[in-house]
Each structure stands twice: as structure tokens, then as C-alpha cells.
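Please take a moment with the sequence and the model below before reading on. The paragraphs that follow go from the ligand outwards to the parts of the chain that hold it.

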Amino acid sequence: MLITVAELKSFVATIFAKAGTSEAEAARIAGYLVEANLVGHDSHGVVRVPRYIQWLNEGKVLADVTPETVVDTPVLAVVDGKFGFGQTVTPIAVQLGIDKAKAMGLSAVALRNSGHLGRAGDWAEMAAAAGLISIHYVNVQGSLLVAPFGGVDRRLSTAPYAMGVPLPNRPLILDFATSHVAEGKVLVASRGGKKLPPDALIRPDGTFSGDPVTLYGENPDRNPENGEGAIRAFGLHKGSGLAFMCEILGGALTGNGTCGPRDGARGRITNGMMSFYIRPDVLGSVEEMAERAERYIAFYKSSRPAEPGGEILIPGEVENRSRAERGAKGVPLPDDTWGSIVATAREVGIADAGIPKAA
Ligand code: NAD
């Protein structure tokens, strides 16, 4: 199934509006989800629509929430997302960090109780578009999925980490889950999309697996609580340590709560994000910094590839290529993903005439 960006955005926005969000929020959620598909992170794209709608119906995420700024100093803020959609409350928290850093040169904003905020890289891109360097430590309270280095039991979330640096030619955006693969990549693989590496998951007996059943069990609803295994932390002890720090900064420091056994009273999955923003022109000439960075990028990329025909890529390069290609050709979706979105559309009352035809 190949669908144009405009058609997919409009269809997804209609689903959210029918399910009870305002038109503005529906368009915003659709915009961020389709942007994730556009940059090639299908795990954080429209494959999430059925789960988001389920959470909305169950009251686990709330429509059209106005976040509350509970601490506000010239350089620091704590923002409570009050379980609103991440696509609504996170940009407000990020804009606050941007405004403070623009005024003061440096800022830090702790966001807690945000609904799923999607790609952490979106927020580094937003800051970079405003001319700022940013660093984001994110945790996922209520989503216990990842085994720490040396362990088999789940003790971490997929806790993403992102950094952005603005440059005149394009921003540099580093953005990844601290797990070997993001949970959404397991979801995509279980729905017929790209297969997992054979060592992405770990079974209770300590053997590695690339089979999504290890995480979800045989149950068709893809609920990770039904699986017995875990996703592995990335990068051996170093990746596991970074994930740990995402829990401490994104979970403990923000007040979002670290991941752990599900809290029955809340029963929600919330993102916490500790973000730091820097205005580079306070440190010196941004033109000179960009020249030094570009010289280094050329040097970095000039390394001889390890494999014939290989290529050295910088952070954000894969996503920029995907954005150009999918923007022109459309977004490819596996049949299973498309089928689950169409089923959700019907559930919220969209008639067949309102469902785009597969191409
Ligand atoms: P990934 O493994 O694809 O890594 C992406 C990063 O690696 C990017 O910075 C990319 O530019 C870089 N990269 C990719 N291929 C490269 C190559 N060949 N050479 C050099 N650099 C390369 O990403 P992931 O870990 O699967 O994460 C996917 C998305 O999931 C991210 O956007 C992340 O923020 C998001 N996520 C969100 C949550 C949440 O709770 N909101 C949780 C986990 C992950």
C-alpha cells in the first residue's frame, strides 16, 4: 500500500476528530505521526493510530489538554502534561524552553505526565529550527520492556535520547531508543513490516531472539504484557547506562515517575522528558562554528567504508533522505498496518466512502 502524505494526514486527522479530539489536535497528531513515517521511523508513525484511539477511549490519554507550568524561573521550568496527547503538550513545553534559552542563553525544562510524545527527534528538530542546540532525556513510565545489560528481566523502558545542533545546511539530529530496537519496531515487524535483528530480544532463559512473539506472546492484540521476554538494551553496558540515566533524569527528576511495574491507579503510559537548550551565538560566532562542523563532517564521512559500496552517514542523514524520497513517492504501509487503521476508522464511525483506496 502506497499513500500520499496529504491523503494519509487527512485520513488520520479525520479518525482522531471522529474519536473526540478537536480538529486542531487531530491535525497536529496526524502531522507528527505521518512525519515519523516520512522520515522512515514507521515505528512511530500511523501504526500507532489504533493504540492511541484505544488509549483515548479508555481515558488513558486525554483530548485537548492545556499543560500546567508548575515551576517557572527565567531559566528553568517544570511542565505537567496532565496526561494530554504528547503531540499537544510537548510542543508547548519545548516552546517554553526555546523562549527561555533565547532570552537567557541557556534553559532546562522538565516535562512530566505527557502522553506518548512520538519521536524524541521531533523536539530536537523544533529547537534546531529556532537556532538552538538541545539535548533530551526521555523515559516511558508504565512501559516496562527492556532488560538491562547482564539481565533478562525487564527493568527499563525504551527511554529515547535525542540531540539537535542547528547548522545552515541542515540540522544534525541524533535520536534513538536506548533499547536495541524501539518497541514500535517490534510492533511493525509483528505486522509484516521490516524484520528485527536476530539478537534484538532476549528470552527468559537468556537466549536471543528476533521473533516479536518473545515480546508480545501469541496474543494478536500485541500487548507486551503478554510476552515473557524483553527487548535488549543497546550498546552493552554503555547503552544500558544511558537508558538508566534517561530513567533517572526523564523519570525521577521530572516527577514523571520511573518505569516499573504498572501502577494500577494510573494504568497509563506517560513520557517524561528532561530537556536542555543552548543558544550557540552566546558561545561565539555561529558562522565559525558551522564552518568547523562542516569541515569535520567532510573528514568524518571520508573514512574508508568497511564494506565495498558502504557509506559513512551523519546523524539525521538517513531521515533526511527518507523525507525527500517518501515526500515525493508517498508512504509505503504494510497491509496489516493499513488494515488495522481502516478497522479503527470504521470503529469510530467513518463510512467506506471516507476511506482512501489502496494504491
Ligand atoms: P534508529 O535505530 O533507527 O536510530 C536512529 C538514529 O541513528 C538517528 O539519529 C539516525 O540518523 C541514526 N542512523 C541511522 N542509521 C544510521 C547509519 N547507517 N549511520 C549513521 N547513523 C545512522 O532509531 P530507534 O532506536 O529505532 O528509534 C526510533 C524512534 O523511536 C526515535 O525517533 C525515538 O525517539 C523513538 N522512540 C520514542 C519513544 C517514546 O516513548 N516516545 C520510545 C522509544 C523510541
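How many Å separate a polar side-chain atom of K185 from an oxygen atom of the ligand? In this predicted model, the distance between those two atoms is 2.6 Å. An oxygen atom of the ligand is also approached by the protein backbone, since an N or O atom from the backbone of G316 lies 2.7 Å from such an atom. On the side of nitrogen, the side chain of H44 places an N or O atom 3.1 Å from a nitrogen atom of the ligand. The ligand would expose 870 Å² if taken alone, and 79% of that area is buried by the protein.

Beyond these contacts, the ligand has 23 residues around it, and those that come nearest are D175, A177, K185, G316 and E319. Sorted by class, the shell is made up of twelve nonpolar, seven polar and four charged residues. Two elements, β8 (172-177) and α10 (317-329), each contribute at least two residues to this shell, and β8 gives the most, with five residues.

The wider setting is the division of the chain into domains, where the domain assignment gives domain 1, formed by 2-58 + 316-354, and domain 2, formed by 68-281. The centres of domain 1 and domain 2, taken over C-alpha atoms, are 20 Å apart, and the contact between them takes 27 residues from domain 1 and 25 residues from domain 2. The size of an interface is often given as the accessible area lost when the parts come together. For domain 1 and domain 2 the buried area is about 2,200 Å², with 59% of it on carbon and sulfur atoms.

Returning to the ligand, one may ask which domains supply the shell around it. Domain 1 and domain 2 each provide at least three residues of that shell.

Note on methods. Residues numbered from 1 in each chain as written. Predicted model: local features only at pLDDT ≥ 70, side-chain atom pairs only at ≥ 80, totals over all residues. Heavy atoms only, no water. Near = heavy atom within 4 Å. Polar contact = N/O pair within 3.5 Å; in protein donor to acceptor, adjacent residues only side chain to side chain. Areas by Shrake-Rupley, 256 points an atom, 1.4 Å probe, with all protein chains shown as cover. Helix = DSSP H or I, 4+ residues; strand = E, 2+ residues; numbered from the N terminus. Nonpolar A, V, L, I, M, F, W, Y, C, P; charged D, E, K, R; others polar. Domains from an automatic or database assignment. Contact = heavy atoms within 4.5 Å. Buried area = accessible area lost by both parts, 1.4 Å probe.
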